[in-house]
Amino acid sequence: MAKGDYIVSLDIGTSKVRAIIGEPAGNGINVIGVGSASGEGIRHGSIVDIDLTVESIREAVDHAERMVGIQIHSAYVGVSGNHIHLQNSHGVVAVSSPDREIGDEDVERVLQQARVVALPPEREIIDVVAKEFVVDGLRGITDPRGMLGVRLEVEAYLITGSRTAIHNVVRCVEKAGIEVANLVLLPLAASTVALSSDERNLGVALVDVGAGATSVSLFERGALVGTSIIPMGGDYVTHDIAICLRTNTAAAEQIKVRHGCALVEAASDNERFKVPRIGSNQEVEYTQYDLATIIEPRMQEIFSLVRKEIEKMGYSNDLPSGFVLHGGLVSMQGAGELAAAELGGPVRIAVPEFLGVRDPSFVNGVGMITYALRSAQRMSHAESVNHMRPVKTGGGVFARLKDWFRDFI
Ligand SMILES: Nc1ncnc2c1ncn2[C@@H]1O[C@H](COP(=O)(O)OP(=O)(O)OP(=O)(O)O)[C@@H](O)[C@H]1O
Ligand SMILES: [Mg+2]
């Protein structure tokens with residue numbers, strides 16, 4: 001991928017739609033543009049109003065475009081939600097080249113094979129991810145290219161989603177004038193910036209605490225083994241504050257972000273602020289301690305639901321790398337400590353290491369760019385080896401990526 005080829009990601013969240021523009025730099029990426037807009041058309045991470053969502057996407061994209069001075073035609077779009085299922089799949093092919101050296105084409109064919117499963121009509125394949133390759137019975141191979149063999153197998157998992165939910169996301173992005181370069185499962189994308197390969201191998205839970213939903217994903221032996229959504233997040237905390245302090249939602253949200261503390265014992269009695277009372281011109285003074293007594297029980301509830309979700313997936317206290325948190329709500333003072341107490345294991349908060357996006361709520365957006373770049377690098381390798389594949393000209397990197405993904409997925 002050459003300099004000047006941009007990768008754009010769209011994270012369509014309950015509170016915010018975020019557009020990020022990345023540019024390949026050395027072995028990684030540079031984030032060169034960020035745009036965000038409040039999302040009114042999304043509830044608990046699902047699109048409930050197409051027109052409002054289209055407006056938010058357009059606004060976020062406009063911001064990012066203005067920052068960089070380019071026009072965005074195409075973007076990677078994140079998907080998540082309870083409609084996502086993972087299912088195991090297997091593919092097997094005979095190695096095609098006469099010298100029996102496994103090439104990109106063989107890998108491509110075996111992944112295609114793994115896609116051939118009977119699916120109900122309301123479900124669609126989003127991605128196929130290789131867990132391991134098997135060459136002539138030898139297991140545990142992560143990249144078989146360049147090896148010699150006769151029989152190539154793949155143990156993969158298929159990521160499928162509800163056709164309607166996927167259609168809604170694609171429709172909103174296209175109505176905003178943006179082509180969908182590819183759909184990316186958010187926890188997979190986030191894992192590329194939030195997790196080390198050690199963590200992914202030993203066993204770790206990646207937890208995204210957003211505004212409308214909390215997603216819990218488990219990784220083990222390098223692969224995603226489960227993902228699930230709890231329809232509860234920062235909006236519940238805001239709602240609790242609005243009810244208890246008898247104020248409006250906008251004021252409650254602002255107070256939460258400015259003064260919120262997740263731990264009563266760490267909250268200060270000296271940090272004071274005024275809160276407008278709903279239905280009057282009155283303002284009432286509260287302390288951070290008062291606020292923490294409202295926030296702590298709800299945050300405890302969220303993390304205890306996370307723990308239960310992990311237990312349902314068959315893991316309890318046996319996650320050697322513990323828990324890695326991201327999403328806007330974990331920016332709150334004391335959130336990490338509260339999570340550690342509730343989850344009963346080591347907790348770390350993930351933040352992207354790029355200027356302008358050093359915030360746990362940008363992990364998904366930046367992750368999609370890293371994920372797309374890795375796929376693009378595989379693609380350029382495939383193109384340089386596979387002379388049979390016609391390389392399109394004029395369509396730019398996105399057209400080429402899309403072709404490649406269409407072949408793979
Ligand atoms: N500094 C902060 N302190 C406390 N809460 C914060 C802070 N920054 C953001 N939040 C909260 O984080 C939430 C937004 O997180 P995020 O941007 O990850 O959600 P989203 O992607 O829009 O929603 P979802 O993923 O649930 O669809 C909101 O509830 C917001 O109030
Ligand atoms: Mg989110």
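**Entry 1. The loop between H6 and H7**

I began at Arg246, which lies in the loop between H6 and H7. This is a predicted model, and I read each entry below in that light. Arg246 is not a glycine, yet I found a positive phi of about 50° for it. Most residues other than glycine have a negative phi. I then asked how enclosed Arg246 is: it counts as partly exposed, because 15 C-beta neighbours lie inside 10 Å and a buried residue needs 20 or more.

**Entry 2. A second positive phi**

I looked next at Asp136, whose phi is near 45°, again a positive value in a residue other than glycine. Asp136 is found in the loop between strand E8 (123-135) and strand E9 (138-141). I noted 13 other C-beta atoms within 10 Å of Asp136, so this residue is partly exposed.

**Entry 3. Confidence**

I checked how far the model may be relied upon. The chain has a mean pLDDT of 90, and 91% of its residues reach 70 or more. Over residues 384-409, however, pLDDT stays under 50. For that stretch the model has 33 contacts beyond four places in sequence.

**Entry 4. The surroundings of ligand 1**

Which residues are closest to ligand 1? I found 22 residues around the ligand, the closest being Gly13, Thr14, Gly210, Gly234 and Gly328. By character, the shell divides into 13 polar, five nonpolar and four charged residues. Helix H6 (234-244) and helix H7 (249-259) each supply at least two residues of this shell. H7 gives the most, with three residues.

**Entry 5. Gly328**

I followed one of the closest residues, Gly328, into the fold. Gly328 is found in the loop between E17 and H9. Is Gly328 buried or exposed? Gly328 is buried, because 21 other C-beta atoms lie within 10 Å and 20 are enough. Leaving aside neighbours within four places in sequence, I listed the contacts of Gly328 as Ser15, Gly210, Ala211, Gly234, Pro360 and Ser361. Of these, Gly210 and Gly234 also appear among the closest residues to ligand 1. Gly328 and Ala211 stand 117 residues apart in sequence, but their C-alpha atoms are 7.2 Å apart in space.

**Entry 6. The sheet that contains E17**

I traced an open sheet of five strands in the order E14-E13-E12-E17-E18, with mixed pairing. Its edge strands are strand E14 (223-230) and strand E18 (347-349), each of which pairs on one side only. From one strand to the next the twist averages 20°. Within this sheet I examined strand E12 (residues 204-209) and strand E13 (residues 214-220), which pair in the antiparallel sense over six bridges. Ala205 stands opposite Leu218 in E13.

Two helices pack on this sheet. Helix H4 (residues 186-194) touches E12, E13, E14 and strand E17 (323-326), and its direction makes about 110° with that of E12. Helix H9 (residues 335-343) touches E17 and E18, and its direction makes about 150° with that of E18.

**Entry 7. How enclosed H4 is**

I returned to H4 to see which of its residues are buried. Eight of the nine are, so H4 is largely enclosed by the rest of the structure. The buried residues are Leu186, Pro187, Leu188, Ala189, Ala190, Ser191, Val193 and Ala194.

**Entry 8. Another five-stranded sheet**

I then traced an open sheet of five strands in the order E3-E2-E1-E6-E11, also with mixed pairing. Strand E3 (28-38) and strand E11 (179-185) stand at the edges with a single partner strand each, so one side of each has no neighbour in the sheet. The twist here averages 25° from one strand to the next.

In which sense do E6 and E11 pair? Strand E6 (residues 74-79) and E11 pair in the parallel sense over six bridges. Ser74 stands opposite Glu179 in E11. Helix H3 (residues 163-175) packs on the sheet, where I found it touching E1, E6 and E11; the direction of H3 makes about 150° with that of E6. Helix H1 (residues 50-68) lies across strand E1 (7-12), strand E2 (16-25) and E3, and runs at about 135° to E3.

Note on methods. Residues are numbered from 1 along each chain as its sequence is written. Chains are lettered from A and ligands numbered from 1 in the order in which they are written. This is a predicted model: local features need pLDDT of at least 70, side-chain atom pairs count only at pLDDT 80 or more; totals for chains, interfaces and linings use all residues. A residue is near a molecule or strand if its C-beta atom, placed from the backbone, lies within 6 Å of it. Helices (H or I, at least four residues) and strands (E, at least two) are DSSP runs, numbered from the N terminus. Ala, Val, Leu, Ile, Met, Phe, Trp, Tyr, Cys and Pro count as nonpolar, Asp, Glu, Lys and Arg as charged, and the others, Gly among them, as polar. A residue is buried if 20 or more other C-beta atoms lie within 10 Å of its own, exposed if 12 or fewer, and partly exposed in between; C-beta atoms are placed from the backbone. pLDDT is the predictor's confidence in each residue, from 0 to 100. Two residues are in contact if their C-beta atoms, placed from the backbone, lie within 7 Å. Two strands pair if DSSP finds at least two bridges between them. Axes are lines fitted to C-alpha atoms, for helices over the stretch in contact, and angles run from 0 to 180 degrees between N-to-C directions.
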